[in-house]
Amino acid sequence: MSLSPVMCRPFGVAAPRLAGALFLAALLGGCAVGPDYRAPGFQLPASWGKASPSVTATGEEADNRPPELADWWKRLGDPTLNRLVDEAIAGNLDVATAKARVRQARATRQQAIGALAPSVTGSGSYTRADNGTNVSDTGDVTVSGPFDSFSLGSNASWELDLFGENRRAAEAATYGLDAAEETLRNTLLTLIGDVATYYVEARGYQARAALARRTAVSQRETAALTRTKLQAGSASAVDVANAEGQAASTEANIPELESNYQQTVHQLAILLGQPPSALNETMKRSAPIPTPVKAIPRGVPANVLLSRPDVRLAERQYAQYTAKIGQAEAARYPDVSLVGEVTTSAATVGDLAKSSSVSWSFGPSVSIPIFNAGQLKAAVDFAQAQRDEYFLTYHAAVLTALQDVENASVALQQERLKYRSLSASAASYRQAVDLARVLYQSGSSSFLDVLVAERSAYSADDTLLTSRVAIATDYVALNKALGGGWTGKVDDRTPAVVDTQMAPRLVSLDRAGLKPRDAENQGVAEAFAH
């Protein structure tokens, strides 16, 4: 139902009514329906579990100081890793996509805010007409035309938003922008963690392959010694076969380790937004497996609500969909707008400013929903169900964050304890190899003792390297769980594609999209070729 009174009285009479309408709009401008957002409160534990204290790189307990999340990867002390992180921030495609979504959300918010302001449009027309020759009943002939008609006008409208539908939409869009920015932060957190993890794993495969080569060389030397003893009659052909077989078995591990290393480097390059082989030269020179050397404070569980971007994202989405309830509820109430129009018309362009005919209209327009078969109420129910979904998502995000921190803390602590035992085991096995070789050369022990000692020493050293990799990756996981990520500035306003031809211009048929598809595909292929 729409009622649009048209006022055609002198403006002096209309002015008081206009002032009254504006006063009413100002009076009701703060009115809104639907629930107001309040941050949810959860009963969080006062401290982390006793089974998972904060740990240092040496396994010592650290206090629950506030987490130090800024540039946490730099505490691994690897300049190459630091540079790769910087390159990933600048070139990663997921980050670029998240930036584009921030720009989308920012534009959506601007549109929603713009709906709160009046809108004004202009119009103009020119008409040339001829009514022909008219003959009256008395026989008089009247000729009217041809004649020209010019007109200019403007139309203005302002939705008063008495029940806050547009304000709720702007509120939801603001929360949506916050959510997009948290999505970008979460993407950066995941990216940095992945870069650090793949880098550590690549260095681990490098170290394990180098160990396999050294061990294989040593085992080949043992096989040569055994062949010499065979020629002297103090060793059997079985000993020679076992020695050569063990060396070949160790060498067989190298291709698999090299393959895993290369695949990891390829994935690392993709994270940087580069071709898979782009980092081959950078990573070719071996470097130690990064090892954390400082304590890792975790603070208290409530810190995850402030630092974890996925938790903050879920909270902003909950706020956004709370505002959408008010937007849907306001649609069930009357909608009042102020509309006005001014038009001037004349026979010539020059008369538009002086000897013209001016008409105007002004008045409120009211739209009242009377019957819609429950659609508007169903929209409110749907918005409330969405709000509940995001509330539960937020609750789940909080619990998941707490679990991630607890799990990463336990894994790091236990891996450090495991590393201590593995270090002692590897040292003992290396000592056993030296003793077994001396005894074998002097004829005081069998070759089987050497064989077992070498196999055990290689396995222990390889497991020790794997544990060092696990310590570093658990360190990365703990910093990710605590919400550690990029703390510098990220340019989210520069578009990935810069449009240079936005102004009106003439276009040919092929540029208008009317050229054959095969020609278009050929053009795309040529663009990629260049």
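Is Tyr318 buried or exposed? Hold that thought; the notes below get there by way of the overall picture.

1. **The whole chain.** Keep in mind as you look around that this is a predicted model. The chain has 12 helices and nine strands. It runs to 530 residues, and 36% of them count as buried. Its accessible surface comes to about 29200 Å², with 56% of that belonging to carbon and sulfur atoms.

2. **Who touches whom.** Take the contacts in the chain with a separation of 6 or more: 83% of them are between residues 24 or more positions apart.

3. **A helix you can check yourself.** Helix H4 covers residues 165–232, which is 68 residues. At 1.5 Å a residue it should span 100 Å, and its end C-alpha atoms are 99 Å apart, so the two values agree. Right after H4 comes Gly233, which has a positive phi, near 85°.

4. **Aromatic pairs, starting with Tyr37 and Tyr318.** The structure holds 12 aromatic pairs. In one of them, the ring centres of Tyr37 and Tyr318 are 5.4 Å apart and the planes meet at 75°; planes over 60 degrees apart count as edge-to-face, so this pair is edge-to-face. Tyr37 sits in the loop between helix H1 (11–28) and strand S2 (54–55), while Tyr318 belongs to helix H8 (residues 309–330), so the pair ties together parts that are 281 residues apart in sequence.

5. **Back to the opening question.** Tyr318 is buried, because its relative accessible area is 12% and buried means under 20%. Its partner Tyr37 has 16% relative accessibility, so Tyr37 counts as buried by that cut-off too.

6. **A stacked pair.** Tyr321 and Tyr390 also form an aromatic pair, this one stacked, with 4.3 Å from centre to centre and 10° between the planes. Tyr321 is in helix H8 and Tyr390 is in helix H9 (residues 375–441), so this pair ties together parts that are 69 residues apart in sequence. Both Tyr321 and Tyr390 are buried.

7. **A cluster of rings.** Which residues do ring pairs link into a cluster? They are Tyr37, Phe42, Tyr175, Tyr318, Phe391 and Tyr394. You've already met Tyr37 and Tyr318 as an edge-to-face pair.

8. **Charges over rings.** Tyr321 turns up again here: the charged end of Lys324 sits over its ring, 5.6 Å from the ring centre. Elsewhere, the charged end of Lys229 sits over the ring of Tyr440, at 4.9 Å from the centre of that ring.

Terms used. Residues are numbered from 1 along each chain as its sequence is written. This is a predicted model: local features need pLDDT of at least 70, side-chain atom pairs count only at pLDDT 80 or more; totals for chains, interfaces and linings use all residues. Side-chain values use heavy atoms; hydrogens and water are left out. Helices (H or I, at least four residues) and strands (E, at least two) are DSSP runs, numbered from the N terminus. The expected span of a helix is 1.5 Å times one less than its number of residues. Rings of Phe, Tyr and Trp (its six-membered ring) pair if their centres lie within 6.5 Å; planes under 30 degrees apart count as stacked, over 60 as edge-to-face and the rest as tilted. Buried means under 20% relative accessible area, exposed over 50%, partly exposed in between (1.4 Å probe, protein chains only). A charge sits over a ring if NZ of Lys or CZ of Arg is within 6 Å of the ring centre and within 35 degrees of the ring normal. Contact means heavy atoms within 4.5 Å. Accessible areas come from the Shrake-Rupley method with a 1.4 Å probe; for residues, only the protein chains shown count as cover.
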